[in-house]
Amino acid sequence: MRLEAKIPGGSLAEKWGRFKDEARLVNPANKRRYEIIVVGAGLAGASVSATLGELGYAVKCFVYHDSPRRAHSIAAQGGINAAKDYPSDGDSVRRLFYDTIKGGDFRSREANVYRLAEVSVKIIDHCVAQGVPFAREYGGLLDNRSFGGAQVSRTFYARGQTGQQLLLGAYSALARQAGLGAVRSLTHSEMLDLVVVGGQAKGIIVRDLVTGELSRHAADAVVLATGGYGNLYNLSTYARNSNATAIWRAYQRGAAFANPCFTQIHPTCIPMSGDYQSKLTLMSESLRNDGRIWVPKQKGDRRPPARIPEQERDYYLERMYPSYGNLAPRDLSSRAAKRICDEGRGVGESGLGVYLDFAEAIGRLGADRIRERYGNLFDIYHEITDENAYEAPMRIYPAMHYTMGGLWVDYGLMSNLPGLFVLGEANFSDHGANRLGASALMQGLADGYFIAPHTISDYLATQRPEQRPGIDHAAFAEAEASVRERIQRLLSVRGQRTVASFHRQLGKIMWEHCGLARNAPGLERARGLIAELRDEFWRNVNVPGSAGGLNQSLERAGRVADYFELAELTCQDALHREESCGSHFREEHQYPDGEAKRDDEHFAYVAAWRHDGPDRPPVLLREPLAYEEVEFVQRSYK
Amino acid sequence: MRLRLRVWRQGQDGAAGGFRVYPTPELNPNMSFLEMLDVVNDELTLKGEEPIAFDHDCREGICGTCSLVIDGKPHGPRRGVATCQTYVRSFRDGDEVCIEPFRARAFPIVKDLVVIRKAFDRIIEAGGFISVRTGGAPDANSLPVAKDVAEMAMDAAQCIGCGACVAACKNASAMLFVAAKVSHLNLLPQGQPERERRVMAMVRQMDAEGFGNCTVTGSCEAVCPKNIGLEFIARMNREYAAALLKGKT
């Protein structure tokens, strides 16, 4: 089997226009006869549901939350990029495109990234029209700030709550369609399997988390916008219930999984404090606009930060990457922090932390200006650590944050299973081996508002709604039976260990061997450990309660069971990729100065893994990254 | 340190709920309140008892999923934070801590501490939006918004939809929630065309859901994890009165 990216012809600037010009259309009167399932209501899911509803399709939107407004897009703090060039500092679609390709270390698909930059400008227009209260200047026009990996100010923001405001915009559009009856919003509903009929995605199996009932839903197209899989590391900046079950079920039904080892570790999170910990909290990268990162020059210097004189401090990002300084991309900043702490120069009780210091900015701008820019972030920091960052520097450390890998999709965001569309963080398409800050919000909304509605219509025009398989089709019965069987298996083990203890152990294995730095023996070892742990899980997990009704232990058990398998695939992918690129740092492949050594000759491709049945190794499919207008160069931020 | 938890337990079989007391194991003061419940739940699981069901997700105070009335206060003892941002260090060693669900007729209890807040979605569906279709919006800078107006709209827009305002109110009124959304959109120039229609529709739906009336006790403001102020309720009352005087329904 070959993966066809189906990239339209023409120059990069012409491709998307050409796609839209040539896309097949559905007659307005026929649209309501098409059923579309959307799973997830984050930025991508809510925006695509609303837009498809506006177009006239019959949409059902499923979320596991009690309301579509709660998806984890809401937690994004810093901002959203767009090539508006309002500050006239030299930005353009081409520059945003190039920064994103370069930020991704030349492992993303050129045509997709160009399109992302192209539609970015429309996102801001649309969100402002919806009433998103972006930050403004005194003249009433929109304010911008800069973010990692860019030398222009192209980031729009709403205090430190940009994700929340964009999500509430998309949610309000979704709610409007729900009020009009165009979208059915189904809450407390978790997708547990994908139904494939004749090689095409035709429905899903859903568990009602309140009643425990399973239900079957048929559709002409299924859209997964279920986010990333970073929670397989247990401790992460993800919401506690974010999970990979929807994309993993799709993988097991034949959808290829691309670049699972491209997992982003964010440099500025609040350090870990104990074993009981359930999550790590991000401090927005926007803080690096004004905060300076440093550690003591001397190993083991335990003096309080205020007592360490200027000349005994090492502002290591400014030293290592003079032209980008504290705004070096996330992968480089995270690795630098790890290296510094490995040298024994880390700060805080555990030695796993570096300072993010605002003293200089407060001196230059005043505390009020800093409060206006980052007030809520300083508050969050205070709540968690009981420390005041206006007076002493923050302590930060890298944490698992985002997954660039995900289900493989073509240019139209459709997986290799026709009819299955994958949007936002759940797909792999735009960020290559490393995502730049403020680009996830851009991608989620680009996919949902401006790209998928066109590409889904193009696909639906080939489908006949009257021929859509009904929920009494054998494939639905089989999928429902397999979900039921799996639930019963989880409940019948009645072992000695909690789900949480397995999740913690899995997370530790992954962080240690498949985290910031990876090597072949470590990855081999991790695979063995994960297989053992997975085996023990199915013999010794304790899932109390029953399948009828609300059972949070059962929900988590199902998700963790999927993480074992996905973790194994992630390690396998990391092992096979014998190069360092972006977030994927193989210790065997580095330059003497510790920078990543990419191997374009052998690894300039998307690694898409296809499930080949239980107990058989997955099959590796390669999509070569043939760039038409960009040249592969070594990334430099020096 | 250790605490004694008095927790509301209620099954899904329709039987009446009641309090049960659970002593905690040794706790680290830097644990979050929800992490403490995780630890207690792990113990219950290993003892063969059903863990306590409670709502939570982002655990960083922004998704609005977590709830809980802790010692009589929605979201616990500290002002301006959600339950998930409450830490064990806010209590003293040996304290007995009472944990209940949000209680309001419009928020039915599912089980233990989990309630349904769909009524809030239906209020937004009735009018909590600006009716723009995707595509065709004018350039974002074609409509300047004065900075103070944008900031005030943002103050209101911060609402996380958790429902603590309802749980704190003796009338189970949702006025603060509705007022925050009405104010956010009605303050902005983009929200003007639907200004009256919006406030009338949202208030009508709020009443239909069975939320009570506002008697301005201010308990909502006192527990709001985003410190959304009563002045927005005053603003909404003005919006409502103005719409009524114009004969809007």
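**Notebook: a predicted model with chains A and B**

**Entry 1. Asn81(A)**

I looked first at a side-chain pair: Asn81(A) and Ser439(A) are joined by a polar contact of 3.3 Å. I noted the rule for a polar contact: a pair of N or O atoms within 3.5 Å, where within protein one must be able to donate a hydrogen and the other to accept it, and residues adjacent in sequence count only if both atoms are side-chain atoms.

I recorded that this is a predicted model, in which local features need pLDDT of at least 70 and side-chain atom pairs count only at pLDDT 80 or more, while totals for chains, interfaces and linings use all residues. Residues are numbered from 1 along each chain as its sequence is written, chains are lettered from A and ligands numbered from 1 in the order in which they are written, and side-chain values use heavy atoms, with hydrogens and water left out.

I located Asn81(A) in strand E3 (residues 80–81) of chain A. Helices (H or I, at least four residues) and strands (E, at least two) are DSSP runs, numbered from the N terminus. Is Asn81(A) buried or exposed? Asn81(A) is buried, because its relative accessible area is 5%; buried means under 20% relative accessible area, exposed over 50%, and partly exposed in between (1.4 Å probe, protein chains only). Beyond its neighbours within four places in sequence, Asn81(A) is in contact with residues including Leu96(A), Ser120(A), Arg154(A) and Met442(A). Contact means heavy atoms within 4.5 Å.

**Entry 2. Gly42(A) and Phe502(A)**

I found Gly42(A) in the loop between strand E1 (35–39) and H3 of chain A. Gly42(A) counts as buried because its relative accessibility is 10%. With neighbours within four places left aside, Gly42(A) touches Ser47(A), Ala71(A), Ser73(A) and Leu167(A). Its C-alpha atom is 9.5 Å from that of Leu168(A), although the two positions lie 126 residues apart along the chain as a separation.

I then turned to Phe502(A), which belongs to helix H14 (residues 499–513) of chain A. Phe502(A) has 0% relative accessibility and therefore counts as buried. Among its contacts beyond four places in sequence are Arg497(A), Leu533(A), Phe537(A) and Phe564(A). The C-alpha atoms of Phe502(A) and Ala561(A) are 9.4 Å apart, with the residues 59 apart along the chain.

**Entry 3. A sheet in chain A**

I traced an open sheet of three strands in chain A, in the order E6-E7-E8, with antiparallel pairing. Its edge strands are E6 (189–197) and E8 (214–218) of chain A, each of which pairs on one side only. Neighbouring strands of this sheet are turned by 25° against each other on average, direction ignored. Two strands pair if DSSP finds at least two bridges between them. E6(A) and strand E7 (residues 200–208) of chain A share eight bridges. Val197(A) has Gln200(A) in E7(A) as its bridge partner.

**Entry 4. Chain B**

I counted eight helices and seven strands in chain B. Of its 249 residues, 59% count as buried. The C-alpha trace of chain B spans about 60 × 40 × 35 Å along its principal axes.

Chain B has an open sheet of five strands in the order E2-E1-E5-E3-E4, with mixed pairing. Strand E2 (18–23) and strand E4 (73–74) of chain B stand at the edges; each has a single partner strand, so one side of each is left without a neighbour in the sheet. Strand E3 (residues 69–70) and strand E5 (residues 96–100) of chain B pair in the antiparallel sense over two bridges. Within this pairing, Val69(B) has Glu100(B) as its bridge partner.

**Entry 5. Where the chains meet**

How many residues does each chain bring to the contact? Chain A brings 78 residues and chain B brings 73. The two chains bury about 6,400 Å² between them, 50% of it on carbon and sulfur atoms; buried area is the accessible area (1.4 Å probe) that two parts lose on being put together, summed over both. In chain A, Arg159(A), Tyr276(A) and Glu383(A) lose the most area to chain B, together 12% of what that side buries.

I found eight salt bridges across the interface. A salt bridge is a side-chain nitrogen of Lys or Arg within 4 Å of a carboxyl oxygen of Asp or Glu. One salt bridge joins Lys147(B) and Glu372(A) at 3.5 Å, N to O. Between the chains, 45 residue pairs are in polar contact, both at pLDDT 80 or more. H6(A) gives the largest share of the side of chain A that touches chain B, nine residues.

Conventions
Axes fitted to C-alpha atoms, helices over the stretch in contact; angles between N-to-C directions.
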